[in-house]
Structure formats: C-alpha cells, structure tokens
Amino acid sequence: MIIAGEVAEALADGRAVVALESTLLAHGLPAGRNRDVARRLEAAVRAAGAVPATIAVLGGQARIGLSEAELDRVCDPDADLVKLSRRDLGPAMALGRDGATTVASTAALAAAAGVRVFGTGGLGGVHLNDPRTVASWDVSADLDVLAGTPVLVVCSGVKSILDIAATVEVLETRSVPVIGYRTDSFPAFYRRVSAFDVPWRVDTPAQAAAVVAVHFGQVPGNSGALLVNPVPVEHELDVALHDRLLAEGMDLISQRGVRGRDVTPVLLEHFHNGSGGASLDANEALVLDNAKVAAEVAVELARR
Ligand code: PSU
Ligand code: MN
C-alpha cells in the first residue's frame with residue numbers, strides 16, 4: 001500500500017483526512033465529467049479543512065491519495081479500470097492490474113491506512129429481485145465490509161434501484177449504526193426521503209463526531225457507521241421521472257441478463273441517459289455535499 005506524502009503527514013500529525021472512492025469516478029459517472037467531479041471532490045474536502053485521499057489500485061499497488069496524473073488515469077475510459085470490491089484486491093494487486101475501488105474495498109484500504117472517515121455517493125445494498133426470475137442473492141459486499149471495518153461512511157443512503165427495506169434490515173442485523181444527518185428518513189439517493197426512518201439523527205458535524213468517537217472508542221465490536229445525508233433539495237430528482245426510469249431500468253437488466261457487478265453501472269447509465277442530465281446533476285451534487293460533510297466531521301474528530 002502506498003500512502004501519498006501529504007496524506008501520511010496529515011495522519012502522523014493527527015489532522016483530518018477523508019477517503020474518497022474511485023468506482024464512482026470510473027464506473028458511476030460518464031467520461032469527461034468524472035475528471036471534473038474528481039477535482040471538485042478533493043477541493044470540497046480541502047475547503048472544509050481536511051486532506052483528501054482518493055483510493056484506487058494502480059499497477060497492482062493500492063494507493064491512498066492520488067496525484068493529478070493518477071486521477072487522470074482513473075478517469076480515463078481507455079484505461080479500462082476493473083471494478084474492485086474487497087475480494088478483488090488480492091488478484092488485482094498480485095496481477096499488477098489497474099482498478100477502481102468500491103465502498104467495500106475503499107473502506108477496507110482506508111481503515112488499514114488509519115483513515116476513519118470516508119465520503120461517497122451511495123452505499124451498495126440488497127438488490128431487488130425481479131419477480132420474473134429466481135432470487136438473485138445479489139447483496140453488495142459493502143454491507144458485510146462495513147459490518148467489520150471501523151470507518152464512518154457518509155453517503156446519501158442507497159439508490160431506489162435496490163431493496164431499501166432489506167438493506168435497512170441487514171444494516172440492523174449486522175449492528176451498523178445508521179445516523180441521519182439533518183434528516184429523520186433513510187435517504188434514497190436521488191430522492192431525499194424513503195418509506196424508512198433512521199434510528200438516530202444528528203444536526204451538526206460536532207454531534208456526528210461525538211457519536212463516531214464513542215462508537216469507535218468505547219463500544220465493543222468492530223463495525224463501521226453510516227451517516228446518511230440527503231441530496232440537496234434543489235437537485236432532488238422529480239418523482240415521476242424517477243419512477244419511470246426505475247421501472248425501465250429494471251426491465252433492461254432483466255432483458256439483457258445483466259448480473260453481478262455490472263448491475264449498478266448499467267442502471268446508473270440508464271438513469272443518466274434517460275433523465276436528460278438531471279440524474280447526473282443530482283449524483284454530482286450529493287457526492288460533493290457528502291465529501292464536504294465528511295470533511296467537517298473529520299475536522300471535528302481530529303479536534304477531539
Ligand atoms: N452507487 C452509486 N454510484 C456508484 C456506486 C454505488 O450511486 O458508483 C458504486 C459504489 O462504488 C458501491 C458499488 O460501493 O457501486 C456497489 O456495487 P455492488 O452493488 O456491485 O457491490
Ligand atoms: Mn452485487
């Protein structure tokens with residue numbers, strides 16, 4: 001694992017560091033726009049007083065903190081990065097590959113490097129079963145890894161392309177605290193509220209940091225925590241458009257027989273193409289806001 005100089009120094013000094021993932025750049029956003037988002041994410045973290053550490057695997061080496069040239073490589077569609085969950089890290093590193101890290105693999109690498117706060121867009125979850133097929137058993141490794149990795153993930157909940165009810169239940173079963181940031185509802189990525197409440201709510205970065213400090217420092221166990229922050233209100237996707245895209249996306253997945261790690265990128269692309277850019281604006285706005293909130297919480301944690 002290679003920790004960038006600036007990140008290593010900040011960690012040694014006990015200053016705030018925020019991990020950022022690379023799958024949302026390489027596989028969640030279209031080429032061109034992803035590079036600009038990468039830059040703005042790091043800028044949002046810095047503006048709040050923390051050091052950004054974007055994580056990826058390049059030439060078989062896990063990198064904690066990327067240079068501008070390395071960010072170019074992650075965002076280059078011709079570089080053809082593999083989507084790496086935690087189970088893929090061994091093969092990718094041993095075989096010298098380039099890969100983008102998901103929430104699961106980013107959290108695992110962040111924790112190993114000593115980074116405790118991670119800002120992203122949406123968490124993976126339990127996928128919906130198409131009633132026309134047999135049970136898919138598609139449950140994102142993000143949930144299992146979070147259950148055993150002491151990192152705070154700041155995200156906008158899970159997309160409504162997932163089974164939110166089942167995802168919320170798994171988080172409870174696996175003892176992952178879910179804390180609403182200025183909300184009482186578990187957010188559904190493009191939409192600010194879902195049919196599900198969050199068990200806890202905080203309204204300031206200092207409160208969030210207090211919860212995380214006690215959770216990591218005093219509560220037995222090894223689980224991470226989830227701070228859920230809804231998409232900024234002006235970027236929320238219209239509900240009728242959202243529901244149409246969701247239904248179409250599910251049909252597409254079933255017709256094309258899309259499976260496994262390809263499901264999320266294919267559905268995201270359908271949303272982006274079918275919403276005339278509105279879903280992309282929402283995605284970008286929520287990721288940037290989560291990076292900012294993550295940095296604010298990391299700064300409060302470092303202050304303690
Ligand atoms: N949600 C998004 N955009 C994304 C992802 C989730 O809105 O790009 C990515 C994240 O990296 C997440 C991963 O960790 O998809 C989950 O994939 P899977 O369901 O295959 O585990
Ligand atoms: Mn999956």
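In this predicted model, V168 touches two residues once its neighbours within four places in sequence are set aside: F186 and F196. V168 itself belongs to helix α8, which spans residues 164–173. One of these partners, F196, lies 28 residues away from V168 along the chain, yet the C-alpha atoms of the two are separated by 8.0 Å. The chain thus brings V168 into contact with F196 in space, although their positions lie 28 residues apart in the numbering.

Attention now turns to the ligand. Where does ligand 1 sit? Its place is in the largest pocket of the protein. A shell of 16 residues surrounds ligand 1, and those that come nearest are E21, V103, S140, D142 and K159. Sorted by class, this shell holds 7 polar, 5 charged and 4 nonpolar residues. Two helices each supply at least two residues of the shell, namely α2 (23–26) and α11 (263–274).

Some of the nearest residues can be followed down to single atoms. A polar atom in the side chain of E21 lies 2.7 Å from an oxygen atom of ligand 1. For S140, a polar side-chain atom is likewise found 2.7 Å from an oxygen atom of the ligand. With K159, the ligand takes part through a nitrogen atom, which is 2.6 Å from an N or O atom of the lysine side chain. Taken on its own, ligand 1 has 470 Å² of accessible area, and the protein covers 94% of that area.

Terms used
Residues numbered from 1 in each chain as written. Chains lettered and ligands numbered in written order. Predicted model: local features only at pLDDT ≥ 70, side-chain atom pairs only at ≥ 80, totals over all residues. Heavy atoms only, no water. Near = heavy atom within 4 Å. Polar contact = N/O pair within 3.5 Å; in protein donor to acceptor, adjacent residues only side chain to side chain. Areas by Shrake-Rupley, 256 points an atom, 1.4 Å probe, with all protein chains shown as cover. 1 Å grid on protein atoms, 1.4 Å probe; cavity = no way out; pocket = protein on both sides within 12 Å on 5 of 7 lines; lining within 4 Å. Sits in = over half its atoms within 2 Å of the grid points. Helix = DSSP H or I, 4+ residues; strand = E, 2+ residues; numbered from the N terminus. Nonpolar A, V, L, I, M, F, W, Y, C, P; charged D, E, K, R; others polar. Contact = heavy atoms within 4.5 Å.
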